[in-house]
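Me: I am new to this structure and would like a close look at a single part of it. Please take one buried charged side chain, describe what surrounds it, and then work outward to the rest of the chain.

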Amino acid sequence: QVQLVESGGGLVQAGGSLRLSCAASGSIFRLNVMAWYRQAPGNQRELVAGITSDGTTNYADSVKGRFMISIDNAKNTVYLQMNSLKPEDTAVYYCNAVGIRVAFPRRFDSWGQGTQVTVSS
């Protein structure tokens, strides 16, 4: 099993910043993609940002220019720097990792437990 541990959520005022971290562990041979998703009450889970091991990124239109995803391949850790936060960014943020394990089954697609981000107006 590959475990993902998230940290960095919390309560912030509109216009503020937060940085989320997600560390992956557990016999990882290669991380292919790490991503952040979010789910607000009553809404479906949506992709916020993703990054490949070579640094290629993609973002939801709603966060472009405000959020930045980065990866530390040596630490198997992905970060999400969130700036200019808005009340509509309030959600539970989930980390996702897809890659290859050392042991069988080789391919993994793992999720973190989620971290709450609340932006007050």
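Reply: Glu6 is a buried residue without a salt bridge, and the nearest side chain of opposite charge, Arg45, is 7.8 Å away. A salt bridge here requires a side-chain nitrogen of Lys or Arg within 4 Å of a carboxyl oxygen of Asp or Glu, so a separation of 7.8 Å does not qualify. The model is a predicted one, and every value below is computed from it.

Glu6 belongs to strand S1, which covers residues 3-7. What does the side chain of Glu6 lie close to, if not an opposite charge? One polar atom of this side chain is 2.6 Å from the backbone nitrogen of Cys95. The backbone nitrogen of Gln113 is also placed close by, at 3.2 Å from a polar atom of the Glu6 side chain. The wider surroundings of Glu6, not counting neighbours within four places in sequence, take in Ser21, Cys22, Trp36, Tyr93, Tyr94, Cys95, Gly112, Gln113, Gly114 and Thr115.

Ser21, one of these contacts, sits in strand S3. Ser21 counts as buried because its relative accessibility is 17%, and the limit for that class is under 20%. Seen from Ser21, the contacts beyond four places in sequence are Val5, Glu6, Ser7, Trp36, Val78 and Tyr79. Ile100 is 79 residues from Ser21 along the chain, and the C-alpha atoms of the two are 21 Å apart.

Trp36 and Tyr93, both in contact with Glu6, lead to the nonpolar core. The largest such core holds 29 residues, and Met34, Trp36, Leu80, Met82 and Tyr93 have the most contacts inside it. At least two residues of this core come from each of strands S3 (18-25), S4 (28-39), S5 (46-52), S7 (67-72), S8 (77-82), S9 (91-101) and S11 (115-120). In soluble globular proteins, nonpolar side chains tend to be buried together.

Some of these strands are also paired. S4 and S9 run antiparallel to one another and share 10 bridges. Tyr37 is bridged to Tyr94 in S9, and Tyr94 is one of the contacts of Glu6. S4 also pairs with S5, again in the antiparallel sense, over six bridges. On that side Tyr37 stands opposite Leu47. The hairpin of S4 and S5 has six residues between its strands, and Gly42 there takes a positive phi near 80°.

Where do charged side chains pair, given that Glu6 has no salt bridge? Four salt bridges are found in the whole structure. Side chains of opposite charge can pair when their charged atoms come close. One salt bridge joins Glu46 to Arg38, with N to O at 2.7 Å. Its two residues fall into separate classes: Glu46 is partly exposed because its relative accessibility is 35%, while Arg38 is buried because its value is 7%. Another salt bridge joins Lys64 and Asp61 at 3.1 Å, N to O. Asp61 is exposed, since its relative accessibility is 64%.

Arg66 and Asp89 also form a salt bridge, with their closest N and O atoms 2.8 Å apart. This pair links distant parts of the chain, 23 residues apart: Arg66 is in the loop between strand S6 (57-59) and S7, and Asp89 is in the loop between S8 and S9. Arg66 is buried because its relative accessible area is 11%. Asp89 is buried as well, because its relative accessibility is 1%. Through shared partners, salt bridges join Arg38, Glu46, Arg66 and Asp89 into one network.

The loops supply the last details. Lys75 lies in the loop between S7 and S8 and is exposed, because its relative accessibility is 55%. The C-alpha atoms of Lys75 and Asn32 are 14 Å apart, with their positions 43 residues apart along the chain. The loop between S7 and S8 also holds Asn76, which has a positive phi of about 50° although it is not a glycine. Most residues other than glycine have a negative phi. Ser84, in the loop between S8 and S9, is another non-glycine residue with a positive phi, near 50°. Ser84 counts as partly exposed because its relative accessibility is 41%.

Key:
Residues numbered from 1 in each chain as written. Predicted model: local features only at pLDDT ≥ 70, side-chain atom pairs only at ≥ 80, totals over all residues. Heavy atoms only, no water. Helix = DSSP H or I, 4+ residues; strand = E, 2+ residues; numbered from the N terminus. Buried < 20%, exposed > 50% of the residue type's maximum accessible area, 1.4 Å probe, protein only. Lys, Arg positive; Asp, Glu negative; His and termini not counted. Polar contact = N/O pair within 3.5 Å; in protein donor to acceptor, adjacent residues only side chain to side chain. Contact = heavy atoms within 4.5 Å. Core = buried A, V, L, I, M, F, W, Y, C linked by side-chain atoms within 4.5 Å. Pairing = 2+ DSSP bridges.
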